[in-house]
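Please open the structure in your viewer with a cartoon representation, and keep the selection panel at hand for the stops below.

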Amino acid sequence: MLSIDLKGKRALVAGVADDAGYGFAIAKALAEAGATVCAGTWPPALNIFLNLLERGKIDESRRMPDGALLQFEKIYPLDAVFDTLVEAPEEIRDNKRYKDVGDFSIAGLAQRLVQDFGDRPLDIVVHSLANGPEVKKPLLDTSRAGYLAAVSASAYSLVSLVARLGPLTRPGGSFLSLTYMARVVPGYGGGMSSAKAALESDTRTLAFEAGRKYGLRVNTISAGPLASRAASAIGKIERMVEYYAANAPLTEPLTAREVGTTAAFLASPLGSGITGTTIYVDKGYHSMGAAVGTGNLL
Ligand SMILES: NC(=O)c1ccc[n+]([C@@H]2O[C@H](COP(=O)([O-])OP(=O)(O)OC[C@H]3O[C@@H](n4cnc5c(N)ncnc54)[C@H](O)[C@@H]3O)[C@@H](O)[C@H]2O)c1
């Protein structure tokens with residue numbers, strides 16, 4: 001029987017801080033396929049996440065088909081805006097959410113992984129994080145700083161992760177990120193669509209460069225809307241979910257698990273021929289033109 005078998009593989013999922021987002025669903029699917037999973041969590045959300053886990057608040061979501069709870073082998077603090085600790089401004093390093101967690105940069109994460117598990121500790125890296133401080137502003141009203149912050153947190157962070165974790169990844173390794181249609185989506189502003197366009201383009205270039213250099217694969221999943229914590233902060237997410245349900249070829253709402261299982265397949269040897277690709281997991285919405293006649297336009 002053909003099955004997704006990730007036994008003996010270690011994954012790092014960057015961008016998990018609760019059970020509501022794509023990162024959590026991907027972590028769970030990878031674990032269900034047999035991988036051990038580490039998480040990278042943004043320092044401002046780290047304590048909240050550790051509390052949710054310790055107090056059993058997300059046990060129901062952690063429950064896997066065999067009854068066991070999803071375990072994170074390690075949870076590392078990670079602020080993907082900083083490549084090295086010295087680049088973090090003093091007010092960040094001294095901030096109460098950051099000052100006691102150690103090196104939260106991408107280089108710090110790489111160093112900790114090697115300390116904890118040896119020179120080539122990883123098989124799978126998932127980038128499931130994004131941030132755009134001005135996301136609610138139309139592009140025309142977005143400041144240069146806001147635009148660059150969105151691209152830094154949401155796109156360059158993948159470049160830096162591949163650069164620093166690529167050498168730590170074993171042969172057959174796989175990198176995956178999450179994107180959202182790099183097209184016009186009113187309400188998804190602040191340079192976020194620009195950041196996703198960069199992320200999708202970089203997926204192709206990184207697939208070539210890291211493929212040749214390390215034999216890695218790099219892909220991105222373009223997911224449909226999900227009421228995660230990040231998406232709910234943008235606002236209007238419920239309307240987006242409804243709009244997709246009304247206008248996509250498949251009208252059942254997308255579940256995070258459907259993104260998780262696609263991620264597990266892509267990371268597995270079954271996906272060994274796929275790299276440099278944007279894979280749509282959105283119930284087919286991306287293939288639509290104008291939804292004329294349905295009466296469901298936003
Ligand atoms: N929810 C959607 O509708 C949707 C649709 C398509 C793509 N996506 C993408 O999926 C990915 C995961 O988002 P989600 O919607 O599941 O929400 P989420 O809230 O579960 O995940 C976003 C994570 O990014 C983390 N983060 C923010 N800034 C960070 C930084 N500087 N360093 C490290 N971590 C940081 C947050 O703490 C959070 O854990 C994002 O790339 C998002 O753009 C989401």
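The tour of this predicted model goes from the sheet to a helix lying across it, and then to selected side chains.

Begin by selecting the strands: they form an open sheet of seven, in the order β3-β2-β1-β4-β5-β6-β7 and with parallel pairing. At the edges are β3 (72-77) and β7 (278-281), each of which pairs on one side only, and from one strand to the next the twist averages 20°. Next, select residues 10-14 and 36-41, which are β1 and β2, joined in the parallel sense over five bridges; here Ala11 has Val37 in β2 as its bridge partner.

Now add residues 256-267, helix α10, which lies across β4, β5, β6 and β7 and runs at about 165° to β6. Show the side chains of Arg257 and Glu32, which meet in a salt bridge with an N to O distance of 3.1 Å; this pair connects helix α10 with helix α1 (residues 22-32), parts of the chain 225 residues apart. Arg257 is partly exposed, because its relative accessible area is 44%, and Glu32, at 29%, is also partly exposed.

From α10, move into the loop that leads to β7, where Leu270 is found. Together with Leu2 and Ile4, Leu270 forms a nonpolar surface patch with about 290 Å² of accessible area.

Finally, select Lys137 and Glu134, whose side chains meet in a salt bridge at 3.6 Å, N to O. Which of the two is buried, and which partly exposed? Glu134 is buried, since its relative accessible area of 14% is under the 20% cut-off, whereas Lys137, at 37%, counts as partly exposed.

Note on methods
Residues are numbered from 1 along each chain as its sequence is written. This is a predicted model: local features need pLDDT of at least 70, side-chain atom pairs count only at pLDDT 80 or more; totals for chains, interfaces and linings use all residues. Side-chain values use heavy atoms; hydrogens and water are left out. Two strands pair if DSSP finds at least two bridges between them. Helices (H or I, at least four residues) and strands (E, at least two) are DSSP runs, numbered from the N terminus. Axes are lines fitted to C-alpha atoms, for helices over the stretch in contact, and angles run from 0 to 180 degrees between N-to-C directions. Contact means heavy atoms within 4.5 Å. Patches are made of residues with over 30% relative accessible area and no salt bridge: like charges are joined within 9 Å, nonpolar side chains (Val, Leu, Ile, Met, Phe, Trp, Tyr) within 5 Å. Accessible areas come from the Shrake-Rupley method with a 1.4 Å probe; for residues, only the protein chains shown count as cover. A salt bridge is a side-chain nitrogen of Lys or Arg within 4 Å of a carboxyl oxygen of Asp or Glu. Buried means under 20% relative accessible area, exposed over 50%, partly exposed in between (1.4 Å probe, protein chains only).
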